[in-house]
Amino acid sequence: MAESPRTPGVTAGRLDAKSLQKNFVDLHGPLDAHEASVAADRCYFCHDAPCITACPTTIDIPLFIRQIATNTPKAAAKTIFDQNILGGMCARVCPTETLCEEACVREAAEGKPVEIGRLQRFATDTLMNDGSQPYTRAASTGKKVAVVGAGPAGLSCAHRLAMYGHDVTIYDANEKPGGLNEYGIAAYKSVDNFANNEVNWLLSIGGIDIEQGQALGQDLSLADIQQQYDAVFLGVGLDGTNKLSIDGAALNHVTDAVEFIADVRQSKDYTDIAVGRNVVVIGGGMTAIDAAVQARLLGAENVKVAYRRGQDSMNASRWEQDLATAKGCQILPNLQPQSIDGNSSVSSITFEYTTTTADGLQGTGETITLTADQILMAVGQTLEGQPDGIALDTGKIQVDSNGRTSIDGIWAGGDCANGGDDLTVTAVAEGRDAAEDIHKHLCDN
Amino acid sequence: MADLTTDFLGIRTPNPFWLASAPPTDKEYNVRRAFEAGWGGVVWKTLGMEGPPIVNVNGARYGAIWGADRRLLGLNNIELITDRPLEDNLVEIKRLKEDYPDRAIIVSLMVPCEEQAWKDILARVDETGADGIELNFGCPHGMAERGMGSAVGQVPEYIEMVTRWCKENYNKPVIVKLTPNITDIRFAARAAKAGGADAVSLINTINSITSVNLDTMSPEPSIDGKGTHGGYCGPAVKPIAMHMVAEIARDTETSGFPISAIGGVTTWRDAAEFMVTGAGNVQVCTAAMTYGFKIVAEMISGMSDWMDSKDYKNTSEFMGQAVPNVTDWQYLNLNYVAKAKIDQDSCIKCGRCYAACEDTSHQAIWMKEGRVFEVNDAECVACNLCVNVCPVEDCITMEPMQVGQTDPRTGKKVVAEYGNWTTHPNNPSALEEA
């Protein structure tokens, strides 16, 4: 083989196809029926269970686990989907260690929570694998709703509206639906084309048309769709990315981590994804971890995650941080980027050490220079191309608790809306709740 | 290490753990392995009269219920007595007794209710050198329909009659194995004693259907789409067995009558509990059928450790120690008052105590801010349900109130005097105070 992890520069094919395939297997493999029954039996069926409170979609977790324990996994799946139609993806990508599983009383008791995420996957996989759609549409209401964005918020909203008998059209900017589920999460969390299969399954309820390649502000205008539809839901996500405003940020191989993640996700066998020998990822969230781990899995020899604050402040959960270090990445907290050096392409990056003081984050004056032939920036995403005249709050679309924006007849949810915490599961909850409010609104008018 | 040697009816065995009459003791091969594993004795799988061998079903004989992780909790069976030729069994018993003189071999028997039938088989058993016999008056399926097994055990007069025949025609110990499929076990035990039995053993299996297949609508175990009741055994039956053993142990007519306890013995602790409740030894079957003969090693080490910790030198020192504490409800001390107490440090905040008390008991647990669960003494009747449903051992305890304290539920002071239902003012037939 020509290339290896030690090949200088940025190149594809550092590992052979077989090794790559092995590296990108399902991160949390599915439970088999017996494992699920053993895992389910550990649930105490708590009163007013803390796990339910901790779930952004308020899934009745003790009930679905009991349904698994009593050998009715499809009923369990129904319990999950009633609250979260993307329960299959959430079972794969939710940071359960900071949500339901953190709240599990067995975490308090013995440091080993009930495996809620994997049990949820067992239940949802069981139902989805036989291809059946557990919901049917109500009689058509004749009302038309436009959903902009086929990500978690938009899909969740569309499905709930379809259940109520409204006719939904989803407009999505990308080539494929799914939003971040399709483009924005590590490949090892959604193997076997799960995101796409899930969308197809969701759409099988009927009553939802989907049009790809329709970007708001470019291919379609809000005014037009407002005119054509009885209600509009915006679930456009955060399309922009923050850039580093330091010297050298424009050098070759200084790119957005989100693009890298999308490229990896869309790759068929990963042999076509170029990765550096020495990769530095800047950021402390899930995007940074997903990019860093995948760079390692693609064969990068050295992968470092540099984060400007202390490690405890990282948005990525402790579990994700540990995954990164277990895969051979190094996490370097308290480093803020100062300059990037290189000729046409990046060759190194210099950071200043930081410390947290009463006045906030301060540089200490000391610096460190890391060899880098690829820099992946994961320093936050921003709302881009928002419609004119819509009120924003801290850079996101302002919504009330029902998802209503400042414009009558327009709702919003997911990452593009204020509040929430940029999680798939939160987006699903917001899309669902907005749909409930839209439905109420449509029935009243 | 404590001495586990146990004398039961003059039969000394190195420990009180015997294998019950059942499939594990059906032939020389198994019994030899059992003795090598350390079992103190065996009761040989029941022999029937000479003639055409017994016929068993050719499909599933066992049904079961399971707990978590398929832990076997209860087993039932529709197997009959030995289906091997009588002569084969007798030859093997004789050979094993010669090879293992320090272990007990008791021969279980079941023949028709005719004196001659018993006479015939007793003579044959005697020739083997076995240590005694056990009369199978317990099997609830198959043989009972032919007038044997539990069909005998359910009629005290028959128990007494057959026992007497055996005592008249056999010189060694006669143990009568009782069926639990009866209203009051004491009548059966009294009948055995009246017939001259040396001991009773109990319980045999309980009539049961373990489950029904909801696709085929056949009870399990299913034989070509049909099922029948089988004999239930295993951990699930232990509480029933222990009650029956205690009833015989404390009955004035059978008090002190030797008992070999059977019914769900799975660990050393089960065995110790049966023995303090009046048994002279125990017989095990389901645990061996679930885990193999090796489990006796845990029983031996466990009982030995416990005896050392209590300074018991010999199994006879603790036998029957709990019998005086088994009483009737009417003699329980109604002046004893306890309250549940939740240890906040070990509480994991699952709220099961709250759900149980709030929905199904006395609404005596508060759920406070931050999922703090506390007992409201003014409502707590000390029922113990919260203790039983709490997943953390010793997190909730029942704390007796001290004499002189006032029970906030009743407003009455706790008194030192013992007072039971027989003298309680609410009892219409209360005894007059002297």
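Two strands count as paired if DSSP finds at least two bridges between them. The exercises below apply this criterion and others to a predicted model.

**Exercise 1. The sheet of chain A**

Determine in which sense strands β2 and β3 of chain A pair, and place them within their sheet.

*Solution.*
Step 1. Strand β2 covers residues 144–148 of chain A and strand β3 covers residues 167–172 of chain A. Five bridges link the two strands, and their pairing is parallel. Since the criterion asks for at least two bridges, β2(A) and β3(A) qualify as a pair.
Step 2. One position fixes the register: Lys144(A) faces Asp167(A) of β3(A).
Step 3. The open sheet has five strands, and reading across it gives the order β4-β3-β2-β5-β19 in chain A, with parallel pairing. Its edges are formed by β4 (208–212) and β19 (410–412) of chain A, each of which pairs on one side only. Between neighbouring strands of the sheet the average turn is 20°, direction ignored.
Step 4. Helix α17 (residues 424–444) of chain A lies across β2, β5 (231–234) and β19 of chain A. Relative to β5(A), this helix runs at about 170°.

**Exercise 2. Packing of α2 and α4 in chain A**

Classify the packing of α2(A) against helix α4 (residues 61–69) of chain A, and list the residues that make the contact.

*Solution.*
Step 1. Two packed helices are described by the angle between their axes and the distance between the axes.
Step 2. For α2(A) and α4(A) the angle is about 135° and the axes are 8 Å apart. Angles over 145 degrees would count as roughly antiparallel, and 65 to 115 as roughly perpendicular; α2(A) is therefore oblique to α4(A).
Step 3. The crossing of these two helices, α2(A) and α4(A), is left-handed.
Step 4. From α2(A) come Ala36(A), Ser37(A), Ala40(A) and Asp41(A), while α4(A) supplies Ile65(A), Ile68(A) and Ala69(A). By class, the contact of α2(A) with α4(A) holds five nonpolar residues, one polar and one charged.

**Exercise 3. Packing of α14 and α15 in chain A**

Apply the procedure to helix α14 (residues 257–266) and helix α15 (residues 286–297) of chain A.

*Solution.*
Step 1. The axes of α14(A) and α15(A) cross at roughly 50° and come within 9 Å. An angle under 35 degrees would count as roughly parallel; α14(A) is therefore oblique to α15(A).
Step 2. The crossing of α14(A) and α15(A) is left-handed.
Step 3. On the α14(A) side the contact residues are Ala257(A), Val258(A), Phe260(A), Ile261(A) and Val264(A). They meet Thr287(A), Ala288(A), Asp290(A), Ala291(A) and Gln294(A) in α15(A).
Step 4. Seven nonpolar, two polar and one charged residue make up the contact of α14(A) with α15(A).

**Exercise 4. Domains**

Describe the domain assignments of chains A and B, and the contact of domain 2 with domain 3 in chain A.

*Solution.*
Step 1. Chain A is assigned domain 1 (33–129), domain 2 (144–239 + 387–444) and domain 3 (242–377).
Step 2. The centres of domain 2 and domain 3 of chain A, taken over C-alpha atoms, are 31 Å apart. Six residues from domain 2 of chain A and eight residues from domain 3 of chain A enter the contact. The domain 2 side comprises four nonpolar residues, one polar and one charged.
Step 3. Chain B is assigned domain 1 (6–325) and domain 2 (329–423). Their centres, again taken over C-alpha atoms, are separated by 40 Å.

Notes: Residues are numbered from 1 along each chain as its sequence is written. Chains are lettered from A and ligands numbered from 1 in the order in which they are written. This is a predicted model: local features need pLDDT of at least 70, side-chain atom pairs count only at pLDDT 80 or more; totals for chains, interfaces and linings use all residues. Helices (H or I, at least four residues) and strands (E, at least two) are DSSP runs, numbered from the N terminus. Axes are lines fitted to C-alpha atoms, for helices over the stretch in contact, and angles run from 0 to 180 degrees between N-to-C directions. Two residues are in contact if their C-beta atoms, placed from the backbone, lie within 7 Å. Domain bounds come from an automatic or database domain assignment. A crossing is left-handed if the near helix is turned anticlockwise from the far one by less than a right angle, and right-handed if clockwise. Ala, Val, Leu, Ile, Met, Phe, Trp, Tyr, Cys and Pro count as nonpolar, Asp, Glu, Lys and Arg as charged, and the others, Gly among them, as polar.
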